[in-house]
Amino acid sequence: MRINPNSFAFTLLLGLLATLPTFGIDMILPTLSATGAALGASPSEVGLTMSVYLLSLGAALSIYGPVSDRFGRKPVVVFGCLLVITASIGCALAQSLPALLAWRVVQGAGAAGMMPMAIVRDLFDGKAARAKMSYVVIAVNVVPMISPTVGAALLALGGWRIVYLVFLGAACVLLLAMSLGFAESAKIDPANRLMPSVIARNYLRVLTHRACLGYILVNAAGAGAVFAYITGSSLFFMNVMGLRPDQYGLIFGASSIAVMGGAFLDGRFSAWGASPGHVLTIGLTLSSVAATLLLTVSLAGWTPIPLVMSVMIVVALSFGLISPNAMNGAMQPLPQIAGFVSAAAICLQMTAAAGSSALVTVLFDGHSALSMAAFMMLFSLLSVISYLFVARPSEPFTVSAQTDRR
């Protein structure tokens, strides 16, 4: 029985596709110390399990995009699930850190094979596509909110190895759903050859197409602003303000809920007939105003916890408005190479997030929220500039592309 793309079950499938890669990040965070103790490694050495996973994830994305355009989304997702299942077993059985690192590389390569955004682009247009993108954003932000708690509970229940078995179980569920319930969504062109020159040319098409590039940059810069507060807030609230981890967890949970609230509100705006451009403008305005306020009070040396927390929530909510519309805008103009667009968008988003986090950490002064506020402001402005001067002038062409496809 095939899952109807318009059904709630299909929305759940998209959510699992979107969240499976993050299982390998957030759920293992509480287990790093226990893993190091069991394998005779320091916590910093075990931290490499995160680095190699993310590097493998990013590198594999650039390959899966072209492959999925040539052979379809389904075989790529199925292959990715098989890699995740195999690697999760390897991680759970690893007896040394080098073995665990090797299996984490394979696990990251498998997790990169999930293609929720390309599948949405294959099957939906207009309001329906915006709604599905919103659900994907909600799903992606539910997992970081609950995964560390689940990981800690599993650690207490059965040790660090059991966490990888949960990752394995999620991949098995997804493999079964894709094998039995998913009909191929991509329109496969046999003439689309996987030659280096063709792949390079298609990526060049994405990065030189004004609408695609503009919306990709809007989303990437928005993610940079969010990751500036994700990284900086832990430094500020715990190192400067002295909050306990459980107190900070409540604040972080509130910001995750705010992202979901923004994505849900985007769906309501769509139902009320608001255009994607109007919703994007609202989100970008909220993010810029909030970041400007935080930078101003940080420079003045006045950063009460309620104010900083409120700014975090507003920026998080604004990203819930920005990301679904920006990703939908990026995916619309080049449906024939949607896999390339999706891979480029996610790679640039990860690059912006990693760069933002690194800059906030390196420039943290130990006694203020200044580095967090400065880079929230910088990336918010970059998002606005990308929309006003790159993406927005191309909106008529995006609309025309949608009309031609219909």
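Hi everyone. Helices and strands here are DSSP runs, with at least four residues for a helix and at least two for a strand, numbered from the N terminus. By that count, the protein on the screen has 17 helices and zero strands. Please keep in mind that this is a predicted model.

So how do those helices pack together? The radius of gyration is 21 Å, close to the 22 Å that the globule rule gives for 406 residues, so the protein is as compact as a globular protein of that length. If you follow the C-alpha trace along its principal axes, it spans about 55 × 50 × 40 Å. Buried residues account for 53% of the 406. And if we take contacts between residues at least 6 apart in sequence, 86% of them join residues at least 24 apart.

Now the outside. The protein exposes about 16500 Å², and carbon and sulfur atoms supply 73% of that area. As for charges, there are 20 positive and 12 negative ones, and their mean positions lie 7 Å apart.

Let's go inside. Which residues touch the most other members of the largest nonpolar core? That core has 81 residues, and the answer is Leu17, Phe23, Leu100, Leu174, Val206 and Val218. Take Val218 as an example: leaving aside residues up to four places away in sequence, Val218 touches Leu280, Leu284, Ile322, Ala326, Ser383, Ser386, Tyr387 and Ala391. There is also a second, separate core of 38 residues, and its members include Ile138, Ala220, Ala228 and Ala290.

I'd like to finish with two residues you can find on the screen. Tyr53 sits in helix α4, which covers residues 48–71. Is Tyr53 buried or exposed? Tyr53 has a relative accessible area of 0%, so it is buried, since the cut-off for buried is under 20%. What does Tyr53 touch, not counting residues up to four places away in sequence? Its partners are Leu20, Pro21, Gly24, Ile25, Arg104, Gln107, Gly108, Ala111 and Phe167. Trp103 is 50 residues from Tyr53 in sequence, and the two are 9.1 Å apart in space, C-alpha to C-alpha.

The other residue is Ala358, in helix α15, residues 338–362. Ala358 has a relative accessible area of 40%, so it counts as partly exposed. Remember Ala228, from the second core? Ala358 and Ala228 are 130 residues apart in sequence, yet 8.8 Å apart in space, C-alpha to C-alpha.

That's my tour, thanks for listening!

Note on methods. Residues are numbered from 1 along each chain as its sequence is written. This is a predicted model: local features need pLDDT of at least 70, side-chain atom pairs count only at pLDDT 80 or more; totals for chains, interfaces and linings use all residues. Side-chain values use heavy atoms; hydrogens and water are left out. The radius of gyration is taken over C-alpha atoms; the globule rule is 2.2 Å times the number of residues to the power 0.38. Buried means under 20% relative accessible area, exposed over 50%, partly exposed in between (1.4 Å probe, protein chains only). Contact means heavy atoms within 4.5 Å. Accessible areas come from the Shrake-Rupley method with a 1.4 Å probe; for residues, only the protein chains shown count as cover. Lys and Arg count as positive and Asp and Glu as negative; His and the chain ends are not counted. The place of a charge is taken as NZ of Lys, CZ of Arg, CG of Asp or CD of Glu. A nonpolar core is a set of buried Ala, Val, Leu, Ile, Met, Phe, Trp, Tyr and Cys residues joined through side-chain atoms within 4.5 Å.
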